[in-house]
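Dear colleague,

I am handing over a structure for you to look through, and below it I have set out what was found. Please keep the view open while you read.

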Amino acid sequence: MKLLRWPLRLSVLGFLGGCWLFAGIYLYLSPNLPDVETLRDVRLQTPMRVYTRDGDLIGQFGEQKRNPLTYDQIPQQFVQALLSAEDDGFFEHGGIDFGGLLRAVSELVLTGEKGSGGSTLTMQVARNYFLTLDRTFMRKFNEILLAIEIERRLSKEEIFELYVNRVFLGHRSYGFEAASQVYYGKGIGELSLAQHAMLAGIPKSPSRNNPISGPEAGKDRRNWILRRMLTLGYIEQSAYEEAIGMPVLATQHGARITLEAQYAAEMARRQMVERYGMSAYNEGYSVYTTLDSRLQKVAGAAVVDGLITYDTRHGYRGPEQQLLESELAPEAPLPLKDWLETLTKTPVVAGLQPAVVTGIDDTGIQVLLSSSQQVRVEWEDGLRQARPYISEDRMGSAPGTPADVVALGDLIRVTPNGEEGWRFAQVPDAQAALVSLNPNNGAIVSLVGGIGFEKSKFNRATQAQRQPGSNLKPFLYSAALNSGFTAASIINDAPIVMQDRSLEGVWRPENDSGKFFGPTRLRWALTKSRNLVSIRLLQQLGIRRFINYADQLGFDTDDFAPDLSLALGTHAVNPLELAGAYAILANGGYRVEPFLIQRIENLAGETVFEARPASVCQDCDIASVAPLDESELSMEEILSAPENSFPVAERVMDERVNFIINNILQDVIKQGTGRRALVLKRDDLSGKTGTTNGPMDAWFSGYNPDVVTTTWVGFDNYTPLGRREFGGTAALPIWINYMREALDGLPENPRRLPPGISYVRIDPETGLLAASDQRNAIFEYFRNENLPEEGEGDGAGPTGTDDLIQEIF
């Protein structure tokens, strides 16, 4: 008995000493421990997501990829996998696994090195949210004390949520839902047992155990977890055997973008940073844009098809690269491994896949894709049509065999041609942009800034400043109508020679055709886009008067050069600015501001911003409508305001001027430079082509009262498009293909005739009132105060005007 007393006493003293030591450490550390209650309101760094108005994801921005889950959203199978990997007694212990701590101490005593540390999930939550990763005894004591406090304040489910959503899992992913998206491209609820076990094994060593950077180590860890799940009774033997036999097939995925609209997504990102600063990237904002998913997809396809069609007219420019450095011996194997490496680094642009030529015969070619698949392209599938490019105005002779087009090792492009076939292609050098708006409030319905964000991130819809050419003429003619000119005013289409100080010479502008047509009515001059008439019109109107009018319509006129070249659209604008101006023509004369962001929600799903754009209200009594001043209203007041309390758009164009200019622009489509649009078989379309010197730029802007769309085609380096390329050949086909879908299902929307307009028979040669018996007389619209004088007619003598004028109200 005496022999047992000393060990017993030592044990009691040791226990009491340990308690005193623990109490002392607690008293020393507890005043500086963080408040565990803050975990209830923890704000995870969650990326910003950008959506269309229909809910399609078009962009995700933020350094850390995170998708928080609630406990109820976590699959039970994954819960079991994670418990097996990290802490199978989690739901039983009080935050500390004393057995694990004793094992860690034993490892330290026996090996002299720190082991796993015996951390529970709760202790890991304490470390992840409050502490550093330094492996010191003091930090471990803090971790233990915090774990105890966390268990007192939070439920097990809340603690589990905090762990699942915070832990780092490699490749910038934080939390298991984000990791599931990164490694497998789908949500954690869609994964298999083997994939759940693979994810559960990553936290032990995120860089070594993740299935991309360390597939073998990750597989070993996965199989260990599966054995633990079997031992713990979570899975059956058959499920275990099936899971350990599964290969590791993870590949890195980006955000699950469901619609290609990178240019618009980047616009939204910039606007969010302007609004919220760098916090835009990690506060979990959901940004809903005004884009229509269906029409955005149509717009992208229209731009790509239009550019490929243009590109095909100008020939094949040769391979993007030649990967054979020298001629191979006939029996030498091709360096397919090296070629695959190049292919994986070459982005797909507009669906055009990179490929390397691996074989050539008389009927086609064999090519290697980045997927390691080798496919065949037949002679008739694009090779036969690949005449060599010489210049934008010339192509070489048609090829006779595939060997005339490509060589072994050529890096080319192919695109699917039906279910099984492939077609020879190339990425166009030319670029294009498309902007489509709702003219009644300026909402951007679709926007494309180039053939592919992968090729160039420069957004030509908003950043490219290009001369609009004749696309600007409708606003010059509107200014003239507003100042007393009429659609029947006669201006001479004749040569002009003027001294040009900027060129230190003379300026001799011409029409596109190179011909002159003499006295011309303004309606016909705009319909046929006569340059000389437009110059003389600006000269008679006055340059300053036009600039002031353009400023009223929303153009940035600070850099307008005060000379007659303005009549030919020499002042550079971007497509979005031009589309906004055409919205005024489309909506009856009201100025609206293009906008992209419809609403913003925070991480809790609460709306923190809702757009209230100035909107057209044709039938409103403006004096009785009180526009919202959002600067003086709270978000709750804005959101609760009635729908018809939007600010009312300002009228900036006389409605009669608007009606007449719109009517003239309908003639542009019916019998002018936009005749190709007749294929749409609608009577409510108006529009105008635009082509600049070179030609460098090709434009078409057109609309009906429901949709306004501007398209542009050109080269980024300002080289010519080719002498046979115009707005009507390069830009208009893109507009047609888009508007065919944009207007599908919408009934024709004819213009309402405003009061104060007269429909008058005139002499087409003089623009004056026609005689009652004049056979070649035509009808024209006039504002009542601008009715023409009586002409001499064709010998019938003077007549009254009562039977010549139709008053329309």
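Which strand gives the largest share of the lining of the largest cavity? Before the reply, please note that this is a predicted model. The strand is E28, residues 778–783, and three residues of the lining come from this strand.

The structure holds four cavities of 30 Å³ or more, and the largest of these has a volume of about 40 Å³. If you would like to find the largest cavity on your screen, look for its lining residues, which are Leu481, Phe485, Thr486, Ala487, Ile660, Tyr781, Phe782, Arg783 and Asn786. Sorted by class, this lining has six nonpolar residues, two polar residues and one charged residue.

The other finding concerns a pair of helices. Two packed helices are described by the angle between their axes and by the distance between those axes. Here, the axes of helix H16 (residues 473–482) and helix H20 (residues 575–586) come within 11 Å of each other and cross at roughly 40°. An angle that is neither under 35 degrees, nor over 145, nor from 65 to 115 counts as oblique, and H16 and H20 are therefore oblique to each other. The crossing in which H16 passes H20 is left-handed.

Where the two helices meet, Pro474, Phe475 and Ser478 belong to H16, while Leu578, Ala581, Tyr582 and Leu585 belong to H20. In this contact of H16 with H20 there are six nonpolar residues and one polar residue, with no charged residues.

With best wishes

How values were computed
Residues numbered from 1 in each chain as written. Predicted model: local features only at pLDDT ≥ 70, side-chain atom pairs only at ≥ 80, totals over all residues. Heavy atoms only, no water. Axes fitted to C-alpha atoms, helices over the stretch in contact; angles between N-to-C directions. Helix = DSSP H or I, 4+ residues; strand = E, 2+ residues; numbered from the N terminus. Left-handed = near helix turned anticlockwise from the far one by under 90°. Contact = heavy atoms within 4.5 Å. Nonpolar A, V, L, I, M, F, W, Y, C, P; charged D, E, K, R; others polar. 1 Å grid on protein atoms, 1.4 Å probe; cavity = no way out; pocket = protein on both sides within 12 Å on 5 of 7 lines; lining within 4 Å. Points joined across faces, edges and corners; volume = space filled by probe spheres on them.
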